[in-house]
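Here are a few warm-up exercises to work through with the viewer open. Try each one yourself before you read the solution.

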Amino acid sequence: MTLKIVSFIFGFAGALGLLLFSMDMLSNGIQKGAGNSLQFVLKKISGNRFAAVLTGIFVTCIIQSSSATTVMTVSFVNAEILTLQQAIGIIFGANIGTTITAWIVSFFGFKFSLSAVAIPIFGIGFLFKQLKKFKIHNFGDMICGFGLLFMSLDLLGKLLHLSPSQINFLQNFSGNSFLGILTGVLAGTFFTALIHSSSAVTAIVITMAANGSLSWELSASLVLGSNIGTTIDSILSSLKASTNAKRTAFVHVAFNVTGTIIALLLFKPFLSLVDFIVPLSPEKDITTHIAMLHTVFNLLATLIFLPFVDQIALLSTKIIRDNPTEKEDRYIFPAILPGSHVSADLYSFQIQKEISKMSARVMEMFDSICNVFINGKNEVEKAELAVSKTENYIDEMNYAITGFLQHCSRLPNATRSDRMYFSKLLQITYNLENLSDECASIMYTLKKYLTGTSFSLEKKETKEIADYVELVRSFYEGVCLFISLGISVEQKKQSEMLEEKIDSTKAKLKTETGLRIEEGSDVKAELSYIDLVRKIEKAGDCIYSIVQSL
């Protein structure tokens with residue numbers, strides 16, 4: 001008896017693992033085939049709540065995980081890419097989109113012999129993966145995922161085909177009693193939170209119901225519970241996030257819990273509605289009933305709450321107050337990484353914003369240096385402190401962004417073009433960090449130069465340095481736009497001409513310094529001057545390296 005129990009546990013664990021793996025492979029394959037569609041959709045999100053809902057449906061149907069969609073949504077709110085109102089709409093849509101898995105399992109899982117088609121489908125998918133010349137290899141993982149999905153469902157079906165004597169304990173919860181229904185909801189919540197996949201739980205429920213192990217009422221309560229359990233990922237992802245991200249996670253939990261409570265209060269009428277929509281009775285077609293219940297529940301919940309998006313957002317701001325301790329003294333990377341199911345191009349969409357922020361911080365360093373030439377020696381201490389603080393902040397950004405990009409490059413669904421793109425972003429980040437180091441070095445040398453000479457804003461050498469810094473700063477200002485908007489061939493040629501101008505200016509200033517030394521000028525001051533010129537020119541080289549990376 002003990003051996004049978006151990007065998008069942010390990011068999012179930014293996015079948016469940018294969019189910020989760022197949023869903024992951026299916027998701028990766030669809031995303032590879034979709035290319036940059038997900039990134040394009042997210043960029044087009046507007047304030048329209050209906051557009052946000054459709055976005056949530058589309059993205060979740062593609063990545064096959066409402067948990068991953070909501071974690072990304074929390075992450076995008078944390079990065080200020082999405083507003084709270086947009087995030088609420090996406091969460092509503094994600095709950096609807098996740099029901100497609102139930103329909104896949106219901107329609108394909110029990111209409112024909114799974115064992116007869118699983119291996120051939122996997123073989124076709126493997127063949128697709130080899131046909132790279134025809135550009136259909138990206139769909140190979142999707143087809144392989146379907147094959148493994150059918151195989152896992154077949155294994156689960158055989159394992160969970162339990163006899164009446166083996167499921168006596170379930171009969172206590174299979175009636176229409178409120179306690180039995182509530183226990184089913186709690187069990188669905190717990191198991192979903194444990195394996196982090198409401199889609200997998202729904203697939204297991206459908207399989208057990210099809211085998212006669214679960215009644216219609218208990219199946220419905222388990223599915224309702226899975227809608228609460230799936231919020232665990234958004235809760236965990238928001239723990240160290242911004243206040244608005246915490247509000248997004250709160251809305252996700254409140255929406256799913258409130259919807260489930262309403263469904264429980266109207267449990268019998270709700271099941272009767274599903275019975276009315278589905279032609280056959282639950283005894284004859286329970287798999288379709290469960291899939292329909294999952295869809296109807298999320299559709300009705302969305303229709304009820306969608307008109308009140310603004311009010312829900314306002315309520316969340318009153319419950320979760322602004323945190324006065326949130327400061328920008330230390331950089332906290334806003335991206336939150338789901339474990340799987342997420343397309344690499346969605347990561348790149350978020351990282352672009354952070355790199356733009358990094359380039360803006362470097363511009364602040366240039367502005368602080370330029371202010372010294374406007375306000376004189378009184379600005380030096382203040383400017384040095386600001387530059388030093390920003391340089392440390394950029395170091396933290398570089399460390400976080402570089403690690404994030406390296407993670408993206410290792411994603412299983414990252415294509416060759418994705419990895420090339422991430423490599424380009426790594427180069428840009430590296431050069432921005434180098435530029436920030438050069439700005440800090442310029443500030444240090446400038447302070448030494450100004451305090452070591454008879455400084456005057458009207459002095460010819462001072463004006464030359466100020467003009468030289470402004471030339472490099474203007475060059476960088478244009479490059480910041482290229483980072484955000486892209487660069488053309490003509491703009492690359494213009495950047496090359498600016499780089500040559502910076503180099504020729506350095507040579508000119510160096511020659512003039514030699515002449516002044518020959519005429520008896522202070523050697524120490526002139527060496528400090530030429531050291532400053534050299535470092536400004538190095539900053540120009542860093543900027544041109546960014547151009548070459550674009």
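**Exercise 1.** Is asparagine 256 buried or exposed?

*Solution.* Keep in mind that we're working on a predicted model. Start with the number: the relative accessible area of asparagine 256 is 1%. The cut-off for buried is under 20%, so asparagine 256 counts as buried.

**Exercise 2.** Place asparagine 256 in its helix, then list what it touches.

*Solution.* First, find the helix: asparagine 256 sits in α14, which covers residues 243–265. Next, skip anything up to four places away in sequence; what asparagine 256 then touches is Asn95, Asn227, Ile228, Thr230, Thr231 and Phe297. Finally, look for a polar contact among the side chains: asparagine 256 has one with asparagine 95, at 2.6 Å.

**Exercise 3.** Work out how helix α5 is oriented against helix α17, and what kind of residues make the contact.

*Solution.* Take the geometry to begin with. Helix α5 (residues 84–97) packs on helix α17 (residues 309–319) at about 115°, and the axes are 9 Å apart. That angle makes the two helices roughly perpendicular. As for handedness, α5 crosses α17 in the right-handed sense.

Now the residues. From α5 come Leu84, Gln85, Ile88 and Phe92, while α17 brings in Val309, Asp310, Ile312, Ala313, Ser316 and Thr317. Sort the residues of this contact by type and you get six nonpolar, three polar and one charged.

**Exercise 4.** Do the same for helix α12 and helix α16: what are the angle and the axis distance, and which residues meet?

*Solution.* Helix α12 spans residues 216–229 and helix α16 spans residues 286–305; they pack at about 40° with axes 10 Å apart. The crossing of α12 past α16 is right-handed.

On the α12 side you'll find Trp216, Ser219, Ala220, Val223, Leu224 and Asn227. They meet Ile286, His289, Ile290, Leu293, His294, Phe297 and Asn298 of α16. By type, the contact of α12 with α16 has eight nonpolar residues, five polar ones and no charged ones. Two of the names should ring a bell: Asn227 and Phe297 also turn up among the residues that asparagine 256 touches.

**Exercise 5.** Zoom out: how many helices and strands does the protein have, and what percentage of its residues count as buried?

*Solution.* Count the elements and you get 23 helices and zero strands. Then go to accessibility: 53% of the 550 residues count as buried. One last step for the contacts: of those with a separation of 6 or more, 83% link residues 24 or more positions apart.

Conventions: Residues numbered from 1 in each chain as written. Predicted model: local features only at pLDDT ≥ 70, side-chain atom pairs only at ≥ 80, totals over all residues. Heavy atoms only, no water. Helix = DSSP H or I, 4+ residues; strand = E, 2+ residues; numbered from the N terminus. Buried < 20%, exposed > 50% of the residue type's maximum accessible area, 1.4 Å probe, protein only. Polar contact = N/O pair within 3.5 Å; in protein donor to acceptor, adjacent residues only side chain to side chain. Contact = heavy atoms within 4.5 Å. Axes fitted to C-alpha atoms, helices over the stretch in contact; angles between N-to-C directions. Parallel < 35°, antiparallel > 145°, perpendicular 65-115°, else oblique. Left-handed = near helix turned anticlockwise from the far one by under 90°. Nonpolar A, V, L, I, M, F, W, Y, C, P; charged D, E, K, R; others polar.
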